[in-house]
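Here's a quick tour of one model, taken a few spots at a time. Have the structure open and follow along.

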Amino acid sequence: MISKEENILYAAEKLFAELGFEGTSTREIAKAANVNISMISYYFGSKEKLYEKLVEYRMNEGQFFSKDILERTDINEWEKVEKIVDQFSGRVRHHKCFYRIMQREQLHTKNPHMIEFLKQTKMGFLMMYSKILESGLEKGIFTKNPPIYLLHSTISGTLFYASNAKEMYKEFLNDTEEEEAFDEKFYTELNKHIKYLLKDLLGYEENK
């Protein structure tokens, strides 16, 4: 069972993704969440604070998972990269509304709190990739040392571009499968593609 607070967050997420922050009213959020409008003030204080809480909630989910991967000792650095790609791709696939919001935020946000939070989140991911790459180079698992910021851009940029163009690709391929079946195939191929690129960028040889 989800809490009332989470229920409001999930309802707001769908509306923010569809209508944008300015286009979404607290009354619409309350109606979608099936709660009294006063509950939004009780839990969040304002629409702005609800919005900020939603972004922090979703971003922290991803960071906690990534931190767990970073600290694991039962897998090597390449396997950590694979799990990060799988996790990131899974979140883009299953939280489409949130990542639509995020892409809009990165282009248009004027909220100082959001700008700083997004910057710190990105810095966290860059530090994580740096630690994995440094360790992998020391152990000889990786033989190349690409710029970390471009490595991150390769992963996130490819994921977002491909995800946004998924329906066009489906039409291009003349694929008539149900959406869920196509999604499964599409994201499996997308993950393999990203990992193929990363193997070359990192100088990782699977059978070395």
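Leaving aside its neighbours within four places in sequence, which residues is Leu-198 in contact with? Keep in mind that this is a predicted model. The partners of Leu-198 are Trp-78, Val-81, Val-85, Leu-151 and Ile-155, once neighbours within four places in sequence are set aside.

Leu-198 also turns up in the bigger picture of the core. The largest nonpolar core has 54 residues, and the ones that touch the most other members are Phe-16, Leu-50, Phe-142 and Leu-198. As for who supplies this core, H7 gives the most, with eight residues.

Now for H7 and its packing against H5. Two packed helices are described by the angle between their axes and the distance between the axes. Here, the axes of H5 (residues 77–94) and H7 (residues 112–138) come within 9 Å, crossing at roughly 155 degrees. Angles over 145 degrees count as roughly antiparallel, so that is how H5 and H7 run relative to each other. On the H5 side, the contact is made by Glu-77, Lys-80, Val-81 and Ile-84, and they meet Met-128, Tyr-129, Ile-132, Ser-135 and Gly-136 of H7. Sort the residues of this contact by type and you get five nonpolar, two polar and two charged. Val-81, by the way, is a residue you've already met, as one of the contacts of Leu-198.

Next, a charged residue to look at: Glu-52, which sits in helix H4 (residues 47–71). Is Glu-52 buried or exposed? Glu-52 is buried, because its relative accessible area is 9%, and the cut-off for buried is under 20%. Not counting residues up to four places away in sequence, Glu-52 touches Asn-111, His-113 and Met-114.

Finally, a look at backbone angles. Most residues other than glycine have a negative phi. Asn-34 goes the other way, with a positive phi of about 60 degrees, and Asn-174 has a positive value too, near 55 degrees. Where do they sit? Asn-34 is in the loop between H2 (26–33) and H3 (38–44), while Asn-174 is in the loop between H9 (166–172) and H10 (179–202). Both asparagines are exposed, and the table has their values.

| Residue | Relative accessible area |
|---|---|
| Asn-34 | 72% |
| Asn-174 | 63% |

Because exposed means over 50% relative accessible area, Asn-34 qualifies at 72%, and Asn-174 does so at 63%.

Terms used: Residues numbered from 1 in each chain as written. Predicted model: local features only at pLDDT ≥ 70, side-chain atom pairs only at ≥ 80, totals over all residues. Heavy atoms only, no water. Axes fitted to C-alpha atoms, helices over the stretch in contact; angles between N-to-C directions. Helix = DSSP H or I, 4+ residues; strand = E, 2+ residues; numbered from the N terminus. Parallel < 35°, antiparallel > 145°, perpendicular 65-115°, else oblique. Contact = heavy atoms within 4.5 Å. Nonpolar A, V, L, I, M, F, W, Y, C, P; charged D, E, K, R; others polar. Buried < 20%, exposed > 50% of the residue type's maximum accessible area, 1.4 Å probe, protein only. Core = buried A, V, L, I, M, F, W, Y, C linked by side-chain atoms within 4.5 Å.
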